[in-house]
Amino acid sequence: MGDFGRLEALRLAGLSAAPDPGMDRFARLVSRLLNVPVAMVSLLETDRQVFPGMIGLDEPWAARRETPLSHSFCQHVVIDGRPLILADTRLHPNTCASLAIPDLRVIAYAGLPLTDADGHVLGSLCAIDHAPREWTADEMQDLEDLTAACSVELRMRIATELMRRDRDHAALLLRASVELAHARDLTDLTRRLRNLFRGPAEPSFVGLLLADGQGLWRVVDPDDVRPVEAEVDRLDLGAGFPSAQAMREQRTLFVPDHDELVAGYSPEAVAGYDSLGLRSALCVPLLNGRGVLTWCWSRTHVLALTEEAVLTAVAGYVSQAVERTRFVANRLSTAEQLQASMLTDLPTVPGLDMAALYLPATDQDMVGGDWYDAYQLPPSPAATQPAVMLSVGDIIGHDVQAATVMGQVRSMLRQASLDHRTHSPAVALDAVDRALEVLPLGPGATAVHARLDPDGGRWRLTWSNAGHPPPLLRAPDGRVSALGEHDLLLLGASNYLARHDHTHDLPRDSVLLLYTDGLVERRDEDIDVGIRETASALAEHGDKPLPLLLDALSHGLRDAPQRDDVAVLAVRVVQGER
């Protein structure tokens, strides 16, 4: 009765202790053709029999549509694989003690095996009388015909479910090939892998362990840490775990049930699986000895050939993703460290609150040349407080060269600002223009360069825009406007047109937002739409502390692959006139 194939066929048939119109129809036909008060389609599970098709049972059995095995004659049909035909159940040694006789009034019984396409006996189609009776040959022929038809119905349901699973497996392979190819790092890979498997028939747990020369270490999603992952974060290659054995022997290993787990593996492995309520496991080694991928189920699982093939193919995708993410991480590390080292700490300026955000590009292996900068100018004798220079910019390109050029351009812009007597943003950009005309640094850049001067209780903004998205300004009343005055020319665009300074007063509680296009540009969407969405978010969240504002502005960017890096600089006036 506990045969895995038989139990899996029952699950595929999708029938249980609930009325099913098709199965009830077979019960009615048996009752009518054989002239019996009770007829049932009885399916045998491990610890009970259920009646998806039934007519004539007394209460409370009619409402329950199930009985324990102590009331089951169907179990004899399943165990023997043969019809059970009894004129009087009280006289047969195998049935005379059954509680079905007093409780269900089963006196005469005729039950024939219901089978699937592989010959597993799933239950019986049975006729029951409350008094002794001799079953005629015609009655047995009718019951045999109905049993054959009911078996065909069960097989069709099983085949339909298998077709649905095959279709789902094909869809899973397609999703896996797309999802896993976009993993940004190993943690993101684990998160995407687990999200692939959702639903009652899918694995309860998916784990990724990678080899490091001394054993296996577990890749954990910090947002979904399971107890066993925290307790067993590393495995020696000699450990008595299924995953360690699969790694040692470099072969796929399947543990079908808890008994085999107990018999074949260490107490530590059994305790780990028990802590997660797991009973079955499939462990597939990754290519080239990179590690092991495990799928686990919370109940005894029957692994079909197509399912094993699909999961093995997914393991292949994971192998490729692991290799790619490691390669990209190594390649990006130098560039990101270089880039981060150039993004200096923001100065502390009385009357101003400043915060910055930098997110590197995460799509494929691109790193960008976005930057932000803020620094105080040397104090002047006429001013009680030094002015502050602000800038954001974007070097064209997405590679290590762009990150290197970014450092040079930012330094040139600083020097040009410090050297000019009036510290004009437009003059500094013009100086960088002239330098880029003679230095082979690349195709150019966009930038907003600005100066903030304390001005009688408020701050005055002076800025110049070299082809960059416009700064956004949130007024104290929450309204947001774009500072659209700009020159439509890139830095280094070989032109002879003068750049211009523009000014705007910033009262207390104003918020100025400088940003690069990675914040507002979306694939298949006009950049003006992204700017309007950012302006709306600034209006809604602009009264929050600046770190929370930056989180709101960048919501979703950290969780999805980005083709461009993002630099944002936010400044709030905290002292001065309203």
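Welcome to this structure. Arginine 65 sits in the loop between α3 and β3 (66-68), and this residue makes a good starting point for a tour of a predicted model. Although arginine 65 is not a glycine, its phi is positive, at about 55°. Arginine 65 also counts as buried, because its relative accessibility is 10% and the cut-off for buried is under 20%. From here the tour moves through other backbone features, a strand with its neighbours, the salt bridges, and two further spots in helices.

**Backbone features in loops**

- A second residue with a positive phi is arginine 105, again at about 55° and again not a glycine.
- Arginine 105 is placed in the loop between α5 (100-104) and β5 (108-115).
- Is arginine 105 buried or partly exposed? With a relative accessibility of 39%, arginine 105 counts as partly exposed.
- Going from glutamate 59 to proline 60, the peptide bond is cis, and its omega is near 5°.
- Proline 60 belongs to the loop between β2 and α3 (61-64).

**Strand β1 and its partners**

- How many of the seven residues of strand β1 (residues 38-44) are buried? Seven of the seven are, so the strand is largely enclosed by the rest of the structure.
- In a regular strand, side chains alternate between the two faces of the sheet.
- On one side of β1, the buried residues are Val38, Met40, Ser42 and Leu44.
- On the other side of β1 they are Ala39, Val41 and Leu43, and both faces are covered.
- One partner of β1 is strand β6 (residues 121-129), and the two pair in the antiparallel sense over six bridges.
- Within β6, glycine 123 is the residue that stands opposite leucine 43.
- Strand β2 (residues 48-55) also pairs with β1 in the antiparallel sense, here over five bridges.
- In that pairing, leucine 44 faces glutamine 49 of β2 as its opposite residue.
- The link from β1 to β2 is a hairpin of three residues.

**Salt bridges**

- Side chains of opposite charge can pair when their charged atoms come close.
- The model has a count of 25 salt bridges, and the pairs below are among them.
- Arginine 192 and aspartate 188 form a salt bridge in which the closest N and O atoms are 2.8 Å apart.
- Both of these residues lie in helix α7 (residues 186-196), where they are four residues apart, or about one turn of the helix.
- Arginine 192 is buried at a relative accessible area of 11%, and aspartate 188 is buried too, at 4%.
- Another salt bridge joins the side chains of aspartate 274 and arginine 279, at 3.5 Å from N to O.
- Aspartate 274 is partly exposed with a relative accessible area of 36%, and arginine 279 is partly exposed at 31%.
- The side chains of glutamate 323 and arginine 290 form a salt bridge as well, with 2.9 Å from N to O.
- Which parts of the chain does this pair link? Glutamate 323 is in helix α12 (residues 305-342), while arginine 290 is in the loop between β11 (280-285) and β12 (291-297), so that distant parts of the chain, 33 residues apart, are linked.
- Glutamate 323 is partly exposed at a relative accessible area of 46%, whereas arginine 290 is buried at 14%.
- Salt bridges with shared partners also connect Glu179, Asp188, Arg191 and Arg192 into one network.

**A charged patch on the surface**

- Five residues, Asp524, Glu525, Asp526, Asp528 and Glu533, form a negative surface patch.
- Glutamate 533 of this patch lies in helix α15 (residues 527-541).
- The relative accessible area of glutamate 533 is 44%, and the residue is therefore partly exposed.

**A glycine in helix α13**

- Glycine 407 is part of helix α13 (residues 400-419).
- Its relative accessibility is 11%, so glycine 407 counts as buried.
- Between the C-alpha atoms of glycine 407 and tryptophan 371 the separation is 8.4 Å, with the two residues 36 apart along the chain.

Technical notes:
Residues numbered from 1 in each chain as written. Predicted model: local features only at pLDDT ≥ 70, side-chain atom pairs only at ≥ 80, totals over all residues. Heavy atoms only, no water. Buried < 20%, exposed > 50% of the residue type's maximum accessible area, 1.4 Å probe, protein only. Pairing = 2+ DSSP bridges. Patch = residues over 30% accessible without salt bridge, like charges linked within 9 Å, V, L, I, M, F, W, Y side chains within 5 Å. Areas by Shrake-Rupley, 256 points an atom, 1.4 Å probe, with all protein chains shown as cover. Salt bridge = Lys/Arg side-chain N within 4 Å of Asp/Glu carboxyl O. Lys, Arg positive; Asp, Glu negative; His and termini not counted. Charge placed at Lys NZ, Arg CZ, Asp CG, Glu CD.
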